[in-house]
Amino acid sequence: MQNEISTLLADIKEQVLYFQELGAENFSVDLPEVQSSKFKVQQEKLERFAPPDFNLPTIESAKPKISIVENSSTRQSLLESTKLSRLPTLPKRNSYPTNPIKEPARELEMPKIITEEMPTLFGEITQTLPESTETIEEIRLDIGDCIRCPLHQGRTKIVHSTGNLKADLMFVGEAPGANEDAEGVPFVGRAGQLLNKIIESIGLKREDVLVGNVNRCRPPNNRTPTQAEANVCKQFLLREIAVVRPKVIVVLGNTATQNLLETKVGITKLRGEFQDYFGVKVMPTFHPAYLLRDPSKKRETWEDMKKVRDFINAI
Ligand code: SF4
């Protein structure tokens, strides 16, 4: 019992630190309601671990505040829209009737995917990235004032990918934080400054690379986007990748890695080895926000980045 409580408290403390690194100023944690008395933790015990400026919610009052609006057709659409070969299957904008827009989402005709037999880490057959018939501007137009998932409700600005649209190297994170939401630019807070140093460590500048996120709107309290929210928004990212055609994509942290590679395997197992995304090399490594929390992991990130540097230099 004591061990379970200790583990729970340690998890909460870690989450608090993580959110703060991501720039969260005010907390209203969306904890699921805890039913079992086995895991009930007294408020005063939680408060011992919370930082002084952290408004800890009571467990009794904390309920999930965001839920994705789904009906049977949108659910099916979300389930089916997780592969590049099915990119056009974005949910219609009017799937969310709370704020309907006049123009439905434009559906694109994707070119036929050319398959090429390439053994991967997992011994599967992979496909090459299809040629895109659209431009970045057209993708941005299609995104518009997007309301395709509930994250639009709390955003200030949509945070599009920025940087070199002809880059060989792309970085993909999870979702914008407070600074990014305010400025409309990805990775501009403390984690962004560290990302700039990581980029410079391999002899490049921020403007040489393209930087984006799986989700373009800031989740409330910097929580991790739900799988449904990620599935909707990452279609834009995948379309951008098909246009820009980077040689290497560095995925930062668990969420970006698992969403791009469509895997449940964690970052600690995948990092440091090139993976494959439709023939594009993918290097999973730690998120800069995590490195701010645990600087000892910078060494492993440096090892990962050296592999990226060597691959790009050999092109
Ligand atoms: S996170 Fe993406 S899908 Fe959701 S509202 Fe923002 S732009 Fe649209």
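This passage walks through the sheet, the nonpolar core, one covered helix and the ligand shell of a predicted model.

The sheet makes a handy starting point. Six strands line up in the order β3-β5-β4-β6-β8-β7, and the sheet is open, with mixed pairing. Strands β3 (162-163) and β7 (275-277) sit at the edges with a single partner strand each, so one side of each has no neighbour in the sheet. Strands of a sheet pair through backbone hydrogen bonds, and they can do so parallel or antiparallel.

At the β3 edge, two bridges tie β3 to β5, and the two strands run antiparallel. Here Thr162 stands opposite Val211 of β5. On to β4 (residues 169-173): this strand runs parallel to β5 and is joined to it by four bridges. Val211 turns up again in this pairing, as the bridge partner of Phe171. As for side-chain directions in β5 (residues 210-213), Leu210 and Gly212 point one way while Val211 and Asn213 point the other way, and all are buried. At the β7 edge, three bridges link β7 to β8 (residues 280-285), again with the strands antiparallel. Tyr277 has Val280 in β8 as its bridge partner.

Next comes the packing. In soluble globular proteins, nonpolar side chains tend to be buried together. The largest nonpolar core in the model holds 49 residues, and those touching the most other members are Met170, Phe171, Val172, Val209, Ile249, Val250 and Val251. Helix α7 supplies the largest share of this core, with nine residues. Val209 gives a feel for the contacts: leaving aside residues up to four places away in sequence, Val209 touches Gly163, Asn164, Ala167, Leu169, Met170, Phe171, Ile199 and Leu204.

Helix α8 (residues 253-261) is mostly covered, as eight of its nine residues are buried. The buried set is Gly253, Asn254, Thr255, Ala256, Thr257, Gln258, Asn259 and Leu260. Just past the end of α8, Glu262 adopts a positive phi of about 50°.

That leaves the ligand. Around the ligand are 14 residues, of which Cys146, Cys149, His152, Cys217 and Cys233 come nearest. Sorted by class, this shell contains nine nonpolar, two polar and three charged residues. Helix α7 (residues 227-244) shows up here too, giving three residues, the largest share of the shell.

Notes: Residues are numbered from 1 along each chain as its sequence is written. This is a predicted model: local features need pLDDT of at least 70, side-chain atom pairs count only at pLDDT 80 or more; totals for chains, interfaces and linings use all residues. A residue is near a molecule or strand if its C-beta atom, placed from the backbone, lies within 6 Å of it. Ala, Val, Leu, Ile, Met, Phe, Trp, Tyr, Cys and Pro count as nonpolar, Asp, Glu, Lys and Arg as charged, and the others, Gly among them, as polar. Two strands pair if DSSP finds at least two bridges between them. A nonpolar core is a set of buried Ala, Val, Leu, Ile, Met, Phe, Trp, Tyr and Cys residues joined through C-beta atoms within 7 Å. A residue is buried if 20 or more other C-beta atoms lie within 10 Å of its own, exposed if 12 or fewer, and partly exposed in between; C-beta atoms are placed from the backbone. Two residues are in contact if their C-beta atoms, placed from the backbone, lie within 7 Å.
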